[in-house]
Amino acid sequence: NHVKQGGEIKKMHNLLTISTYNVGTNEDATAEQEKLLGKNYFDYTKPTGLINFLVRSLTYNEPNSIILDFFSGSGTTAQAVIEQNSKDNGNRKFIMVQLPEPIEKELEAFKDGYENIAEIGKERIRRAGEKVKAELKEKYDSASEEEQKKMKHPDEVDSGLKACKLD
């Protein structure tokens, strides 16, 4: 809710509604995570459609931007940036920051070999990059020569990551 100057309380409206912008839901985010990692390790991830919408909105005329996510969690922002670059031939970079918060030993993620949250995010970014390259290769191979000239070649997609640790 929003309190106006005279004390009147107004209900805030969700500007990013599914019906208006088709930005996805938490259920979509869960399905994306399960598709990439085989399981859902996070309770409240954001859908890549939402983050992609925000990336496009803020960088539409600056395709060489750097996107910073200071609480990157599962790596949704990185995936959205890689996907957007493949769609519009952009060259955006991302900086994902995630503390290596330990995963409790009784959780499924720990049993699957992940000791901390940052490890899950790194694996998602790797897999998302492979997925985007495979999808782009399929699209590129089936495109005409003229269409290919307007597309980014699958080998040009930067989906790599460098991981840094603070001592």
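Asn89 lies in the loop between α4 and β4 of this predicted model. Although Asn89 is not a glycine, its phi is positive, at about 60°. With a relative accessible area of 35%, Asn89 is partly exposed, since that class covers values between 20% and 50%.

The two elements that flank this loop belong to a larger unit. Starting at strand β3, the chain passes through helix α4, residues 76-88, and arrives at β4 in a β-α-β crossover that is right-handed. Strand β3 comprises residues 66-69 and strand β4 residues 93-96. The two strands run parallel and are joined by four bridges. Within this pairing, Leu68 has Ile95 of β4 as its bridge partner.

The side chains of β3 divide between two faces. In a regular strand, side chains alternate between the two faces of the sheet. In β3, Ile67 and Asp69 point to one face and are buried, whereas Ile66 and Leu68 point to the other face and are not buried. Ile67 also leads to the preceding helix, because this residue is among the contacts of the buried Thr59.

Thr59 is found in helix α3, which spans residues 48-59. Its relative accessible area is 4%, so Thr59 counts as buried. Apart from neighbours within four places in sequence, Thr59 is in contact with Ser65, Ile67 and Arg92.

Helix α3 also packs against the crossover helix. The axes of α3 and α4 come within 8 Å and cross at roughly 60°. Angles from 65 to 115 degrees would count as roughly perpendicular and those under 35 degrees as roughly parallel; the two helices are therefore oblique to each other. Their crossing is right-handed. On the α3 side, the residues that meet α4 are Thr48, Ile51, Asn52, Val55 and Arg56. Their counterparts in α4 are Thr76, Thr77, Gln79, Ala80, Val81, Glu83, Gln84 and Lys87.

A second helix pair involves α2, residues 26-37, and α6, residues 117-142. Here the axes come within 9 Å and cross at roughly 80°, which makes α2 roughly perpendicular to α6. Helix α2 contributes Glu32, Leu36 and Leu37 to this meeting, while α6 contributes Ile120, Glu123, Arg124, Arg127, Ala128 and Lys131.

Another relation across the sequence concerns Glu108, which is placed in helix α5, residues 108-111. Its relative accessibility is 42%, and Glu108 therefore counts as partly exposed. Glu108 and Gly38 are separated by 70 residues in sequence, yet their C-alpha atoms are 11 Å apart in space. When residues up to four places away in sequence are not counted, Glu108 touches Lys39 and Tyr41.

These elements can now be placed in the whole chain. The protein chain holds seven helices and four strands, and their order along the sequence is β-β-α-α-α-β-α-β-α-α-α. The C-alpha trace spans about 60 × 45 × 30 Å along its principal axes. Of the 167 residues, 38% count as buried. Among contacts in the protein chain with a separation of 6 or more, 57% involve residues 24 or more positions apart.

Terms used:
Residues numbered from 1 in each chain as written. Heavy atoms only, no water. Buried < 20%, exposed > 50% of the residue type's maximum accessible area, 1.4 Å probe, protein only. Pairing = 2+ DSSP bridges. Right-handed = clockwise from strand over helix to strand, strands pointing away. Axes fitted to C-alpha atoms, helices over the stretch in contact; angles between N-to-C directions. Parallel < 35°, antiparallel > 145°, perpendicular 65-115°, else oblique. Left-handed = near helix turned anticlockwise from the far one by under 90°. Contact = heavy atoms within 4.5 Å.
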